[in-house]
Amino acid sequence: MKIAFIDFVYHYDAARPEKDEPLGGTTSAVCFLARELQKSGVACTFFNRVTAPCAAHGIASLPLPQLGDEIERGGYDAYIFCGRWSRELVELVRAHTKKPLIAWMHESAFAHPFTPALDAFDGVVYVSDWQQRVNAPSARPHWRQTVIRNAMNPAVAASFPAGADILPAKSSPPVFLFAGSFARGAFHIAPLLEKIRPHCKDFLVEMYCNLDPSRDPEKDAAYIDWLRGLPNIAHVGMVGQGELAARMKRASVFLAPNPWPETSCIALIEALASGLSAVATSRAALPETAAGFARLIPIDAPDDQTRFDMPIDYDAFAAHVVDVLRSRDESALRRQVDFFHAHYQWSQRVAPWTDFLCLF
């Protein structure tokens, strides 16, 4: 089997997750899945915004303009459009091949211009049951559909192998960790800490995110200065995946005051697999991703696919943060880590993907 992964937004090779630079969840998913497929004997090729051919882990990354020539030379058994696509690109590929075209859907909703629901697709792979459910009205009758979940960076899986103690690796005073883009709840951290400090003064919040709440550089700079001047906060910024895995290993609580319509939160997966207690909202696919291992704070309209600015109950959120910190237990954390190791490895995604592609 030969698979083409098509990404018209980003440029990368399959070694991108190991570089000391920030990396989005969709791109990391493409790289890790393709690497596992390649190991299993499935030949993979990336077509993205690289300017010259390159390769890593036995996977070629080719400039998008070469896609047409590759199709003409016999092409691939399936063409997977990763995260985002355009009508023009999908229909161009459709005009040159009868092989299956698959949308690997990572966004919360099918919408123009970057995730249109197209008749040209033969199938869709969702990353959560929630995502499939809320997008059911957009599905075309002829699409084959399935849910195949994301998984964790192997560096995270190596943090606490079977039998390793978890609590002794955690920093003292405790570290609370926020990771993700600013819109995933960073603006809720400061008011949340106002509710936490009266009950827990000796802690540090590390924020691994961009700080650009507006499009005004001067306003953003002022916001950064203000936030960094608050007690208990260390704004680290975006870091590479290896560095983030190491930081998660020594952190105690993952904060996800998230109003975003998440379809599959890899940061939450990796935090729980790293032995962090987690407090999150009940938004979108977050409860599904947490699989019962996180405290969930109710939020307005959890299924809304387009709202990004819902209020957070800071009192309830803070109370759960303080409680999980005080009630951490080695055996409970070990069960949590073992669960995510057992269910969220990229090697476990090879069979579902190949089985699905064999249906066409």
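Which residue is the bridge partner of Thr281 in β14? That would be Ile297. Bear in mind that this is a predicted model. The briefing below starts from that strand pair, moves out to the sheet and its cores, and ends at a cavity.

**The sheet**

- Thr281 belongs to strand β13, which covers residues 277–281, and its link to Ile297 ties it to β14.
- β13 and β14 run parallel, with four bridges joining them.
- Zooming out, there's an open sheet of six strands, and its pairing is parallel.
- Reading across, the order goes β11-β10-β9-β12-β13-β14.
- At the edges sit β11 (233–235) and β14 (294–297), each of them pairing on one side only.
- From one strand to the next, the twist averages 20°.
- As background, strands in a sheet pair through backbone hydrogen bonds, and they can do so parallel or antiparallel.

**Helix α11 and the cores**

- Helix α11 lies across four of the strands, namely β9, β12, β13 and β14.
- Relative to β13, α11 runs at about 165°.
- The largest nonpolar core holds 33 residues, and Phe176, Ile196 and Met207 have the most contacts inside it.
- Elements giving two or more residues to this core are the strands β9 (175–179), β10 (204–208) and β12 (253–256), plus the helices α6 (189–196), α7 (217–228) and α11 (314–326).
- α11 supplies the largest share of this core, at six residues.
- Take Ile196 as a worked example: leaving out residues up to four places away in sequence, it touches Phe176, Phe203, Ala318, Val321 and Val322.
- Another core, of 30 residues, lies apart from the largest one, and Phe32, Leu33, Ile59 and Ile102 are among its members.

**Thr289 and the cavity**

- Thr289 sits in helix α10, which spans residues 286–290.
- Is Thr289 buried or exposed? Its relative accessibility is 6%, so it counts as buried, the cut-off being under 20%.
- Setting aside neighbours within four places in sequence, Thr289 is in contact with Ser264, Cys265, Leu268, Ile269, Phe340 and Tyr344.
- Thr289 also helps line the largest cavity, together with Val127, Ser128, Arg149, Asn150, Ser264, Ile269, Glu288 and Tyr344.
- That means Ser264, Ile269 and Tyr344 turn up both as contacts of Thr289 and in the cavity lining.
- The largest cavity has about 50 Å³ of space, and the count of cavities of 30 Å³ or more comes to one.

Notes
Residues are numbered from 1 along each chain as its sequence is written. This is a predicted model: local features need pLDDT of at least 70, side-chain atom pairs count only at pLDDT 80 or more; totals for chains, interfaces and linings use all residues. Side-chain values use heavy atoms; hydrogens and water are left out. Buried means under 20% relative accessible area, exposed over 50%, partly exposed in between (1.4 Å probe, protein chains only). Contact means heavy atoms within 4.5 Å. A nonpolar core is a set of buried Ala, Val, Leu, Ile, Met, Phe, Trp, Tyr and Cys residues joined through side-chain atoms within 4.5 Å. Two strands pair if DSSP finds at least two bridges between them. Axes are lines fitted to C-alpha atoms, for helices over the stretch in contact, and angles run from 0 to 180 degrees between N-to-C directions. On a 1 Å grid over the protein atoms alone, a cavity is a set of points where a 1.4 Å probe fits but cannot get out, and a pocket is an open set with protein on both sides within 12 Å along at least five of seven lines; lining residues have an atom within 4 Å of a point. Grid points are joined across faces, edges and corners, and a volume is the space filled by probe spheres set on the points.
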